[in-house]
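Colleague: Could you walk me through this one at an easy pace? I would love to start with what the records say and then move on to the helices.

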Amino acid sequence: MSLFRNPIVWAIGAFTLIVVAMGTLYTVHETQQVVVLRLGKPERIVNAYDPKAPFGTSGAGLVAKVPFIENTIFVDKRVLNLDMEQQTVLTTDQLRLVVDAFARFRITDPLRMVQTVGTEQNLNDALRRILASKMRNELGKQPFAALLSPERTAMMDDIQTTVNRQAKQYGAEIIDVRIKRADLPSGAPLESAFLRMRSARQQEAATIRAQGLKQAQLVRADADAQAASTYAGSFGKDPQFYAFYRAMQAYRTTFTDQSSTVVMSPNNEFLREFEGRQTNR
Amino acid sequence: MPVHNNNDGGPWGDTPEDTANDSPARGGAESGPRNPNPWGEAPPRRAPGPRPTGTRDIDDLLRRGQEKLRTSFGGDGNGDNPVGDFFGGNAWLWALGAIIAVWVVATSFYRVDAQERGVVLRFGRFVGVTDPGLQFKAPWPVDTVILSKVEQINSVDIGATEGSAENLMVTGDQNIINLAYAVRWKIKNPELFLFELAEPEQTVREVGESAMRAEISKATLNDAIGPQRAQIAELVRERMQEILDSYRSGIEVRGVDIKQADPPAAVDDAFKDVSAAQQDAQQYLNQSRAYAQQLLASAQGAAAAFEAVYAQYKLAPEVTRKRMYFETMESVLSKVDKTVVETGGVQTYLPLPEVRRRAASAEPSAVDAASNSASGKSGQ
């Protein structure tokens with residue numbers, strides 16, 4: 001009968017082994033850090049964040065713990081996203097501005113994080129609250145133009161430093177705070193901005209048209225002057241002949257239709273020869 | 001087992017009755033779990049019919065030998081032994097071995113495509129990056145591979161080029177611009193990309209938006225709409241790269257393409273009117289230039305014609321003058337009605353009021369001019 005029991009013993013043995021192994025061994029991904037608690041008392045941190053340690057050397061992989069006595073809490077090691085809700089800020093010059101900001105943070109001290117807020121979600125909420133109030137305070141001290149200006153970067157750095165001080169208490173580090181959008185709120189402020197833009201464009205359009213007309217006029221006047229000078233330079237050589245020459249041209253263009261009637265005196269030069277009279281000359 | 005039934009006793013010396021009862025049991029045991037074993041040709045396959053005893057003995061010997069090989073129990077003749085089921089476990093071990101072999105082979109090789117790199121993790125620990133090709137790793141669950149497409153260029157669209165959704169931004173001169181653009185990025189460093197950022201896509205998008213707004217807030221509206229678009233895009237790319245590097249994201253920003261930079265729809269008409277005004281101004285200028293060209297050309301033509309005639313006139317003034325006068329008179333008077341009046345005070349001769357009216361309108365002045373010029377000439 002001992003032969004019969006043999007495989008069963010085997011199975012039990014294997015099962016026990018698996019259970020113990022599962023209680024003892026656990027894998028830690030590169031993106032995770034693990035707080036190990038021994039009967040509730042913090043014992044150690046596996047794969048803790050260390051900016052200098054390259055991947056593969058920081059302690060991730062297959063790790064052992066004492067089964068049933070030690071338990072583990074997994075905490076993200078990556079750069080996490082802190083997305084803030086839009087909020088309206090009143091600037092010192094009484095303009096309303098809708099600000100949408102975001103921050104990036106990392107849990108640098110998972111144990112402190114676990115002790116103070118417990119979970120990543122709680123940490124996220126806490127940081128968001130801190131950042132939102134800080135942001136509102138800081139931006140409310142600025143005139144509207146400053147929020148658009150390059151000084152904004154310095155302001156964001158200030159906010160980051162202050163928030164970072166508080167974040168440290170939660171075992172987190174704020175890497176970056178940025179204004180994603182700073183917009184005029186929809187409704188009256190946006191409309192008045194549009195109105196201002198529109199009137200500025202109308203002014204521009206009117207100016208452009210007037211300038212165009214002015215230039216055109218100058219070109220015409222210039223041409224008139226040049227033409228006059230051309231005429232004068234040429235016709236001035238003999239004004240009397242020009243008068244005659246031009247009169248001849250004028251007759252040809254004036255008497256073009258048959259409806260004209262000309263009353264002439266026989267004394268006229270043209271007719272003088274009819275009677276065989278001699279001219280004065 | 002027909003062979004047993006046909007014989008008067010089994011090789012194990014059972015009674016015929018026992019054999020009859022036994023055989024189905026044995027048959028069940030053999031054809032069931034035993035068949036899949038490597039020695040699958042079991043006695044039941046033997047052809048029915050009487051056999052020479054000698055052959056049967058040899059068969060029996062063979063079978064016993066096989067059973068001895070097969071089992072750790074030795075070949076006892078007890079056909080309905082339930083432990084017989086367990087002997088089949090030997091086959092299960094083989095199957096298990098085969099499955100493990102297949103598993104090892106299947107999970108140890110992996111293919112990395114040309115545009116990919118494989119990031120190998122041993123129980124979650126980063127061990128290395130592998131290049132394209134067929135690669136070997138320790139079988140699952142020891143090693144896992146994350147394939148990451150390092151050559152692939154991803155694109156994130158921000159703002160919409162069509163539809164009502166506007167992506168409005170405030171420019172440095174406090175105007176508002178509607179901007180749509182795309183950020184092209186790729187993975188520069190697969191392990192940083194995989195391990196450093198929780199949400200890489202969203203990070204790229206937010207960083208892009210932040211960088212674009214920061215740059216737009218420095219530019220004027222006209223710059224952003226017009227000539228400096230490319231320059232702004234390049235500045236945004238640099239800024240994004242800087243920020244993403246500060247996150248150690250392993251992302252490379254390849255380019256930022258501004259697809260649309262327009263004034264918001266609400267003021268679009270006014271902006272269009274500005275360009276219309278520019279067109280108008282250009283049109284005024286063109287018209288005046290055309291006028292100028294015509295005027296100058298005709299002045300030059302008239303002057304040249306006069307000079308040509310004048311050159312001839314100077315050669316023979318009196319004759320030329322007379323000729324021109326008569327030619328003109330001829331041409332003019334040949335077309336019009338003529339009335340020659342001998343003495344003064346003869347208006348009553350003129351037949352019709354119509355003629356008078358016509359004469360009153362234009363001709364007299366022309367005639368006067370003609371006679372004036374003629375008298376002027378004659379005065380000479």
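Modeller: Happy to! The UniProt annotation "transmembrane region", from an unreviewed entry, covers residues 7–28 of chain A. Please keep in mind that this is a predicted model.

Colleague: How far apart are the end C-alpha atoms of residues 7–28 of chain A?

Modeller: That span is 82% helix and 18% strand in the model. From one end C-alpha atom to the other, the distance is 34 Å.

Colleague: And in chain B, where does UniProt place the feature "transmembrane region"?

Modeller: In the model, the stretch concerned is 82% helix and 18% strand, with its end C-alpha atoms 37 Å apart. The feature again comes from an unreviewed entry, and UniProt places it in chain B at residues 91–112.

Colleague: Thr107(B) caught my eye. Which residue has its backbone oxygen 2.8 Å from a polar atom of the Thr107(B) side chain?

Modeller: Thr107(B) is found in helix α5 of chain B, residues 89–108. Leaving aside neighbours within four places in sequence, Thr107(B) is in contact with Lys137(B), Ala138(B), Pro139(B) and Trp140(B). The backbone oxygen at 2.8 Å from its side chain belongs to Trp103(B).

Colleague: Now for helices that meet across the chains. Are α6(A) and α10(B) roughly parallel or oblique to each other?

Modeller: Helix α6 of chain A spans residues 188–235, and its axis comes within 8 Å of that of α10(B), crossing at roughly 5 degrees. By class, their contact holds 26 nonpolar, ten polar and ten charged residues. Angles under 35 degrees count as roughly parallel, so α6(A) and α10(B) are roughly parallel.

Colleague: How about α10(B) and α11(B): roughly perpendicular or oblique?

Modeller: The axes of α10(B), residues 268–315, and α11(B) come within 5 Å and cross at roughly 125 degrees. Val309(B), Gln312(B), Tyr313(B), Lys314(B) and Leu315(B) in α10(B) meet Pro317(B), Thr320(B), Arg321(B) and Met324(B) in α11(B). This contact has five nonpolar, two polar and two charged residues. Roughly perpendicular runs from 65 to 115 degrees, and therefore α10(B) and α11(B) are oblique.

Colleague: Last one: what is the handedness of the crossing of α7(A) and α11(B)?

Modeller: Helix α7 of chain A, residues 239–254, and helix α11 of chain B, residues 317–333, have axes that come within 9 Å and cross at roughly 15 degrees, which means that α7(A) is roughly parallel to α11(B). Among the residues that meet are Phe241(A), Tyr245(A) and Arg252(A) in α7(A), and Arg321(B), Glu327(B) and Val332(B) in α11(B). Their contact has nine nonpolar, two polar and three charged residues. As for the crossing of α7(A) and α11(B), it is left-handed.

Notes: Residues numbered from 1 in each chain as written. Chains lettered and ligands numbered in written order. Predicted model: local features only at pLDDT ≥ 70, side-chain atom pairs only at ≥ 80, totals over all residues. Heavy atoms only, no water. Axes fitted to C-alpha atoms, helices over the stretch in contact; angles between N-to-C directions. Helix = DSSP H or I, 4+ residues; strand = E, 2+ residues; numbered from the N terminus. Parallel < 35°, antiparallel > 145°, perpendicular 65-115°, else oblique. Left-handed = near helix turned anticlockwise from the far one by under 90°. Contact = heavy atoms within 4.5 Å. Nonpolar A, V, L, I, M, F, W, Y, C, P; charged D, E, K, R; others polar. UniProt positions renumbered as here; feature names shortened; annotations may be inferred. Polar contact = N/O pair within 3.5 Å; in protein donor to acceptor, adjacent residues only side chain to side chain.
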